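Please consider the following model and the account of its architecture below. The discussion proceeds from a helix to a strand pair and then to the charged side chains.

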Amino acid sequence: MNTQHLRYAVEIERCGSITRAAEKLFMNQPHLSKTIHELEESLGILIFKRTPKGVFPTKKGEKLLAYAKNILNQLE
């Protein structure tokens, strides 16, 4: 996991959509989806629940995102 992956996850949460987050991050949706899936696999948790109405953090995802935001804030 690196800080870029954390930024991606935080942006997805902010947008509520992988597609919208990909647009804001100037990348294509399949690449962002794959990156988040790989992050989830490497951590052994599901960060987001994917639904037709968007993506929502799981309970473990909420904890990870809080941790990610804290790290990113400290780096800024």
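A residue is called buried here when its relative accessible area is under 20%, exposed when that area is over 50%, and partly exposed in between. With that convention, the buried residues of helix α1 are L6, Y8, A9, V10, E11, I12 and C15. The model is a predicted one. Its protein chain has an average pLDDT of 95, and 100% of the residues score at least 70. Among the elements of the chain, helix α2 (residues 18-24) has the highest mean pLDDT, at 97, while strand β1 (residues 48-51) has the lowest, at 95.

Helix α1 is a suitable place to begin. The 13 residues of α1 should span 18 Å at 1.5 Å a residue, and the C-alpha atoms at its ends are indeed 18 Å apart, so the expected span and the model agree. At the N-terminal end, N2 acts as the cap of α1, with a side-chain oxygen placed 2.8 Å from the backbone nitrogen of Q4. Just after the helix, G16 adopts a positive phi of about 75°. Between these two ends, the buried residues of α1 pack against α2, α3, β1, β2 and α4 (59-75).

The loop between α1 (3-15) and α2 contains S17. S17 counts as buried because its relative accessibility is 12%, which falls under the 20% limit. The side chain of S17 reaches the backbone nitrogen of R20 at a distance of 3.1 Å. Leaving aside residues up to four places away in sequence, S17 touches I12 and V55. I12 is itself one of the buried residues of α1.

Attention now turns to the strands. Strand β1 runs antiparallel to strand β2 (residues 54-57), and four bridges join the two. The connection from β1 to β2 is a hairpin that passes through two residues. Within this pairing, F48 stands opposite P57 of β2, and T51 has G54 as its bridge partner in β2. In a regular strand, side chains alternate between the two faces of the sheet.

How accessible is F48, a residue of strand β1? Its relative accessible area is 1%, and F48 is therefore buried. Apart from residues up to four places away in sequence, F48 touches A9, I12, E13, I36, E40, V55, F56, P57, T58 and L65. Two of these contacts, A9 and I12, belong to the buried set of α1. P57, the residue opposite F48 in β2, also appears in this list of contacts. By comparison with these contacts, H5 lies 43 residues from F48 along the chain, and the C-alpha atoms of F48 and H5 are separated by 14 Å.

The charged side chains complete the description. Side chains of opposite charge can pair when their charged atoms come close. Under the distance rule applied here, the count comes to four salt bridges, and three of them are described below.

One of the salt bridges lies within α1, where R14 pairs with E11 and the closest N and O atoms are 2.6 Å apart. R14 and E11 are three residues apart in helix α1, which means that about one helical turn separates them. The partners fall into opposite classes of accessibility: R14 counts as exposed because its relative accessibility is 59%, whereas E11, at 12%, counts as buried.

Another salt bridge joins the side chains of K34 and E38, at 3.8 Å from N to O. Both residues lie in helix α3 (residues 29-43), four residues apart, or about one turn of the helix. K34 has a relative accessibility of 52% and so counts as exposed, while E38, with a relative accessible area of 43%, is partly exposed.

A further salt bridge is formed by R50 and E40, whose closest N and O atoms are 3.1 Å apart. This pair links distant parts of the chain, with R50 in strand β1 and E40 in helix α3, 10 residues apart. R50 counts as partly exposed because its relative accessibility is 37%. E40, by contrast, has a relative accessibility of 5% and therefore counts as buried. E40 is also among the residues that F48 touches, and F48 is found in strand β1.

Definitions and conventions
Residues numbered from 1 in each chain as written. Predicted model: local features only at pLDDT ≥ 70, side-chain atom pairs only at ≥ 80, totals over all residues. Heavy atoms only, no water. pLDDT = per-residue confidence, 0-100. Buried < 20%, exposed > 50% of the residue type's maximum accessible area, 1.4 Å probe, protein only. Contact = heavy atoms within 4.5 Å. Pairing = 2+ DSSP bridges. Polar contact = N/O pair within 3.5 Å; in protein donor to acceptor, adjacent residues only side chain to side chain. Expected span 1.5 Å × (residues − 1).
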